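Colleague: I have just opened this entry and would like to learn how to read the empty spaces inside a fold. Could you walk me through them?

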Amino acid sequence: MIITRRAFTAALSLTGLAMLVGFSPLRLIAEAMAQSASDVAKPVSLPDMALGPANAAVTITEYASMTCPHCAAFDASVFPKIKSEYIDTGKIRYIFREFPLDIKAAAGSMLARCIAKGDAGKYFAVVDMLFKQQGDWVTKNTTETLARIGKQAGLSQQAVEDCLKDQALLDKIAADQKYASEVLKVDSTPTFFINGEKIKGETSFEEFDKRIKALMKS
C-alpha cells in the first residue's frame with residue numbers, strides 16, 4: 001500500500017488497517033449483475049450525502065476517491081459550475097458517494113463523515129477542503145494533516161483518532177464500495193451516473209450541461 005503500518009498506526013486501528021489492505025476496488029464477481037437506475041438510486045450502508053431537492057427531475061451521483069487527482073480537478077473546475085447553475089437553483093439533486101482506492105482515501109472519507117455528522121452541506125465543504133489540500137495530506141504527513149483539518153472543523157485530537165479507528169464506519173464504507181464495484185460496475189474514479197446512465201472519468205461542464213438539459217426537456 002501507499003502508506004506503511006507504522007505511519008498509520010497512530011490514526012487507524014490495526015484491525016481497520018488490515019481490513020483496508022485487503023479491500024480491492026477492482027474486485028470481480030462470477031456472475032454479471034444488472035445495473036439500473038434503481039440500483040444507483042438506493043443508498044446501501046451509509047446515508048447519502050446530497051444537495052438539491054429529493055424530487056428533482058435529474059439526479060447526478062458521483063463516485064470519487066479522496067486521493068484521486070482527477071476527482072480533485074473535477075471538484076475545482078467543474079463541480080462549482082454545476083452547483084451554481086443547477087444545484088443552488090434547485091434544478092437537480094447531486095449525490096456524492098465514497099469509492100476509496102487506498103487507505104488514505106478511506107481515512108479522508110471517514111473524517112468527512114465524522115465532521116459532517118449527517119449534515120450534507122458541511123460534508124460537501126469538508127470534501128472540498130480535502131480535495132483542495134490533497135497534495136498536503138496525501139503526499140506528506142497524512143495523520144498530522146487530517147488531524148489539523150479535523151481540528152479546523154471543530155474536532156479534538158481525540159475525536160479525530162476515534163473517528164479513524166471507527167471499525168463500524170470503515171465497514172460501511174467498504175460495503176458501499178463493494179456494492180458499487182460489483183453491482184454498478186464502478187472500477188475507476190470519478191464515475192458519474194446521471195439518472196442511472198454511467199459516465200466514466202473527468203467530464204467537462206459542457207457535457208453535463210448538455211445531458212442535464214436533454215433530460216429536463218424529456
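Colleague: Let me start with the second largest cavity: which element gives the largest share of its lining?

Modeller: Happy to help, and please keep in mind that this is a predicted model. As a general idea, rolling a probe the size of a water molecule over the atoms shows where empty space is left. Here, the largest share of the lining of the second largest cavity comes from α7, with three residues. Helix α7 spans 120-132, and Phe124, Val127 and Phe131 are among the residues that line this cavity.

Colleague: Which elements supply at least two residues each to that lining?

Modeller: Those are α4 (69-77), β3 and α7. The lining also includes Glu62, Phe79, Tyr94 and Phe96. By class, seven lining residues are nonpolar, two are charged and none is polar. The volume of this second largest cavity is about 70 Å³.

Colleague: How many cavities of 30 Å³ or more are there in the whole structure?

Modeller: The search finds two. The largest cavity holds about 90 Å³ of space. Among the residues around the largest cavity are Lys42, Pro43, Tyr63, Arg97, Glu98, Arg113 and Asp176. Two elements, β3 (92-98) and α11 (167-182), give two or more residues to that lining.

Colleague: How does the lining of the largest cavity divide into nonpolar, polar and charged residues?

Modeller: Six are nonpolar and six are charged, with no polar residues. For the second largest cavity, recall seven nonpolar and two charged.

Colleague: Strand β3 came up for both cavities. Where does β3 sit in the order of the sheet?

Modeller: To read a sheet, follow the strands from one side to the other. In this one, five strands are ordered β1-β3-β2-β4-β5, which places β3 between β1 and β2. The sheet is open and its pairing is mixed. At the edges are β1 (49-51) and β5 (197-200), each pairing on one side only. From one strand to the next, the twist averages 20°.

Colleague: In what sense do β2 and β4 pair, and over how many bridges?

Modeller: Strand β2, residues 58-64, pairs with β4, residues 191-194, in the antiparallel sense over four bridges. You can find Ile60 opposite Ile194 of β4.

Colleague: And which strands does helix α5 lie across?

Modeller: Helix α5, residues 79-87, lies across β1 and β3, and it runs at about 145° to β3. Phe79, which falls within that range, is also one of the residues lining the second largest cavity.

Notes:
Residues are numbered from 1 along each chain as its sequence is written. This is a predicted model: local features need pLDDT of at least 70, side-chain atom pairs count only at pLDDT 80 or more; totals for chains, interfaces and linings use all residues. Side-chain values use heavy atoms; hydrogens and water are left out. On a 1 Å grid over the protein atoms alone, a cavity is a set of points where a 1.4 Å probe fits but cannot get out, and a pocket is an open set with protein on both sides within 12 Å along at least five of seven lines; lining residues have an atom within 4 Å of a point. Grid points are joined across faces, edges and corners, and a volume is the space filled by probe spheres set on the points. Ala, Val, Leu, Ile, Met, Phe, Trp, Tyr, Cys and Pro count as nonpolar, Asp, Glu, Lys and Arg as charged, and the others, Gly among them, as polar. Two strands pair if DSSP finds at least two bridges between them. Axes are lines fitted to C-alpha atoms, for helices over the stretch in contact, and angles run from 0 to 180 degrees between N-to-C directions. Contact means heavy atoms within 4.5 Å.
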